[in-house]
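Colleague: Please take a close look at one part of this model, the salt bridges. I would like a connected account with the numbers.

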Amino acid sequence: MSKEKLKELIYNDEDQIIKERREIHQNPELAMQEYETNDYIKEKLESYGLEVKQLEPTGLVADINPDSDGKTVLLRADFDALPIQETNEFDFKSKNEGKSHACGHDTHVAMLLAATRALIEVKDELPGTVRLLFQPGEETGDGGKSVVKQGVTRGVDSGFAIHIFTNFDLGYAATGYNQVMAGNYFFEVSFKGKSAHGSTPYLGSDAIMMLNTFINGANGAVSRKVDALNTPIVLNFGVISAGSVGNAVASDAKLTGSFRFFDNDSADEFLKELQKIADISADMYGGSAKFTYNQGAGPVINEKRSTDTAVKVASEIFGKDHVKTDLRVAGSEDFGLLLAGFEDYKGMPGSYMCIGARNPDDKSTFPTNHAQNFNPDESAFKDGALVLAQYAYTFLNEGEDLKQ
């Protein structure tokens, strides 16, 4: 039985999984600049005999059984790092100052490479195609947009991705139906006023007052114009800059912020509300406002059939009682862009799952994703690789039997 063979292949490959993860961990590269990581993965895939398509500027796609007439399942691993200084002191810590794999994308690559090696061994028992996507730029959302525009989701019957997660203990997996992770927008509002001496502020147009009014108005909109139960919005102001001297009215002020959401329509309405508040805030003090925004990620909305497969697979590996099916977090993941599509580019049905990597007996594994000392337990990686491989095998062999 190939499921047992997959487990044997991957568990016997554990040392290689950890070795490759550590190699990638030492050499983190930021979003859309992952050239060395890209080449490292490409060399691996080509050594397995796969034909590899290079995406631009980075990113890789390779198919197992590319000529099959059956269904196509996509497995995705992201490989960008974060601009975070690592404080871990183990031998394989980051060699690149100010950069680290503080979100575990290095582990995702190692797990998908292991799943790839195992699936190649059983490819004659796969009645379909397995598309392997190694994706850049997840942290900024640029990677998700890029790969969708380059057609990686075209013709895919189900896409699947996992994320190593230290909020859960080893031996647990978590997913959910429908909305499981939030989308996010980044925005910037710039106010233009008129400078004046601090003793005669009425002769100027105070950009700081405009910005202050905007902040109050935006917070008011969250509390009074958003359905906090069904379509919540989480608003954050991250950067503020204004003025140059303490005894003058500021002629310029700028704010950079973001908000997270679970519903695309509510996000569209909130963007319009922010624009209106910016215009009103500027007009009150005789100035002008420029409001710009950029989508970082779409909400991750899991499709039922794919999620049924993910739950089935994880239950076989971890046990039914160790698979949570009510995952819903305000964090964002640009896999949502691959599921929903982007602009006029079509997405794919699919599902997203978190794999627990916190060892309750080892406090060094407790820091959460994006912490400077993020350190998931390495024993979780073989199970993550098995989840990926078994998802592809199960969907291609049994997916038609699942209830719609």
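Modeller: Aspartate 308 and lysine 304 are 4 residues apart in helix H8 (residues 304-318), so about one helical turn separates them. In this predicted model, their side chains form a salt bridge with an N to O distance of 2.9 Å. Aspartate 308 counts as buried because its relative accessibility is 16%, under the 20% limit. Lysine 304, at 42% relative accessibility, counts as partly exposed.

Helix H7 (residues 264-284) holds another such pair: lysine 276 and glutamate 273 are 3 residues apart there, again about one helical turn. The salt bridge between their side chains has an N to O distance of 3.8 Å, which falls within the 4 Å cut-off. Glutamate 273 is buried, with a relative accessible area of 15%, whereas lysine 276 is partly exposed at 41%.

The next pair joins two helices. Glutamate 20 and lysine 44 form a salt bridge whose closest N and O atoms are 3.2 Å apart. Glutamate 20 belongs to helix H2 (residues 14-25) and lysine 44 to helix H3 (residues 35-47), so this salt bridge ties together parts that are 24 residues apart in sequence. Both glutamate 20 and lysine 44 are buried.

Salt bridges also link several residues into a network, made up of Lys3, Lys312, Glu316 and Glu398. Over the whole structure, the search finds 23 salt bridges. As general background, side chains of opposite charge can pair when their charged atoms come close.

Technical notes: Residues numbered from 1 in each chain as written. Predicted model: local features only at pLDDT ≥ 70, side-chain atom pairs only at ≥ 80, totals over all residues. Heavy atoms only, no water. Buried < 20%, exposed > 50% of the residue type's maximum accessible area, 1.4 Å probe, protein only.
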